[in-house]
Amino acid sequence: MRINMQQQQENKNLEEAYQEFIKYCNVKNLANDTIIFYENCFKSFSKFYPQQAFVRDISISHIHDYILWQKDKNISAIAVNSNLRGVRAFLYFCMKLGYLSKFSIELVKAEKKVKQIYTDSELKLLLKKPNVKQCSFAEYRDWVVINYALATGNRVATIINLKIEDIDFKNGYITLQKTKNKRQQIVPLSSTLSNILLDYLTYRKGQASDYLFCNSFGNQLVDRSLQGSIAKYNKSRGVMKTSMHLFRHTYAKKFLQAGGNVFQLQRLLGHSSLEIVKEYVSLFSEDLKQNYDQFNPLEQMAKSNIQIKLKS
């Protein structure tokens with residue numbers, strides 16, 4: 001009888017295969033947030049499919065049952081798709097190694113929710129500068145962070161990893177060392193933000209290698225502490241929206257409304273493809289109609305009073 005070299009691989013249970021997958025993710029140096037996402041998806045799937053059960057027995061029928069199992073728990077279609085993306089990445093990894101037969105996993109149809117943003121009235125409340133003679137450093141820093149987020153659309157992970165030396169005041173650029181795709185990125189520094197940061201540094205002080213945004217003791221901020229601080233700041237200004245990520249949505253919408261193109265927005269937001277940027281265009285389509293005549297080529301020509309004479 002011929003020895004089957006694939007027997008050990010085919011007999012992997014769910015937990016064993018998942019540990020190999022996570023090891024692979026770490027070898028590929030995937031972002032910590034990505035690995036946490038996979039862990040959460042695996043926890044969901046392992047509640048449905050036992051961890052000690054063999055991976056080789058998983059079929060498309062199990063995936064369909066998993067989708068229905070989530071729907072029975074009143075999990076939204078968007079959340080179902082989020083779980084499916086993580087499970088799909090894991091199972092495709094297993095298929096590549098021959099742990100189970102290949103099959104395609106498709107997402108369910110889900111209506112995309114309109115991305116929330118901060119309204120102009122809310123932004124006015126948030127952007128009102130605090131009295132630096134009376135406020136705490138944390139309140140002043142939060143005001144600066146909000147200005148920075150609105151001016152750049154950067155993610156929280158990028159913001160908390162900025163260092164003072166990353167701000168090039170002379171040439172008007174910001175170097176982003178920590179990005180989601182792990183690629184260094186250089187974005188423009190607006191004149192208004194430049195002045196705000198220069199003023200902020202007279203209070204923050206510090207060395208060039210220090211983190212730009214710090215706590216009251218000069219130490220680096222962590223994601224949750226900044227999110228919590230901004231939430232507290234927003235509520236103190238009468239704004240009940242508290243997400244830092246909404247500044248990214250707001251930046252994208254206002255950029256498009258002002259006539260910026262999707263290719264510029266893609267580079268500025270650091271997206272590797274246009275897919276997410278297209279989402280912004282789609283979800284903000286009604287709002288993009290505002291001032292449309294101002295950017296429409298035909299309207300521009302009409303306003304220039306260029307007339308075409310017909311030959312008699």
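In the predicted model, Thr152 is placed in helix H7, which spans residues 137–152. With a relative accessible area of 5%, Thr152 falls under the 20% limit and is therefore classed as buried. Its surroundings include residues well removed from H7 in numbering: leaving aside residues up to four places away in sequence, Thr152 touches Ile174, Leu193, Tyr251 and Leu268. The side chain of Thr152 also makes a polar contact, reaching the backbone nitrogen of Asn154 at 3.2 Å.

Ile174, one of the residues touched by Thr152, stands opposite Ile167 in the pairing of strands E1 and E2. Strand E1 (residues 167–168) and strand E2 (residues 173–176) run antiparallel and are joined by two bridges. These two strands form a hairpin with four residues between them, and within the turn Gly172 adopts a positive phi of about 75 degrees. Strand E2 is also paired with strand E3 (residues 185–188), again in the antiparallel sense, and this pairing extends over four bridges. In the pairing of E2 with E3, Leu176 stands opposite Gln185 of E3. In a regular strand, side chains alternate between the two faces of the sheet.

A contact between helices is found earlier in the chain, where helix H3 (residues 32–48) packs against helix H4 (residues 60–72) at an angle of about 100 degrees, the axes lying 10 Å apart. Because this angle falls within the range of 65 to 115 degrees, H3 is described as roughly perpendicular to H4. On the H3 side, the contact is made by Cys41, Ser44, Phe45, Lys47 and Phe48, while H4 contributes His62, Ile63, Asp65, Tyr66, Trp69 and Gln70. By residue class, the contact of H3 with H4 comprises six nonpolar, three polar and two charged residues.

Helix H5 (residues 77–96) contains Ala77, for which the relative accessibility is 29%; this value lies between the limits of 20% and 50%, so Ala77 counts as partly exposed. When residues up to four places away in sequence are not counted, Ala77 touches Val108, Lys109 and Ala110. The C-alpha atom of Ala77 is separated by 8.0 Å from that of Glu111, although the two residues are 34 residues apart along the chain. Thr152 in H7 is thus buried, whereas Ala77 in H5 is partly exposed.

How values were computed
Residues are numbered from 1 along each chain as its sequence is written. This is a predicted model: local features need pLDDT of at least 70, side-chain atom pairs count only at pLDDT 80 or more; totals for chains, interfaces and linings use all residues. Side-chain values use heavy atoms; hydrogens and water are left out. Axes are lines fitted to C-alpha atoms, for helices over the stretch in contact, and angles run from 0 to 180 degrees between N-to-C directions. Angles under 35 degrees count as roughly parallel, over 145 as roughly antiparallel, 65 to 115 as roughly perpendicular and the rest as oblique. Contact means heavy atoms within 4.5 Å. Ala, Val, Leu, Ile, Met, Phe, Trp, Tyr, Cys and Pro count as nonpolar, Asp, Glu, Lys and Arg as charged, and the others, Gly among them, as polar. Two strands pair if DSSP finds at least two bridges between them. Buried means under 20% relative accessible area, exposed over 50%, partly exposed in between (1.4 Å probe, protein chains only). A polar contact is a pair of N or O atoms within 3.5 Å; within protein, one must be able to donate a hydrogen and the other to accept it, and residues adjacent in sequence count only if both atoms are side-chain atoms.
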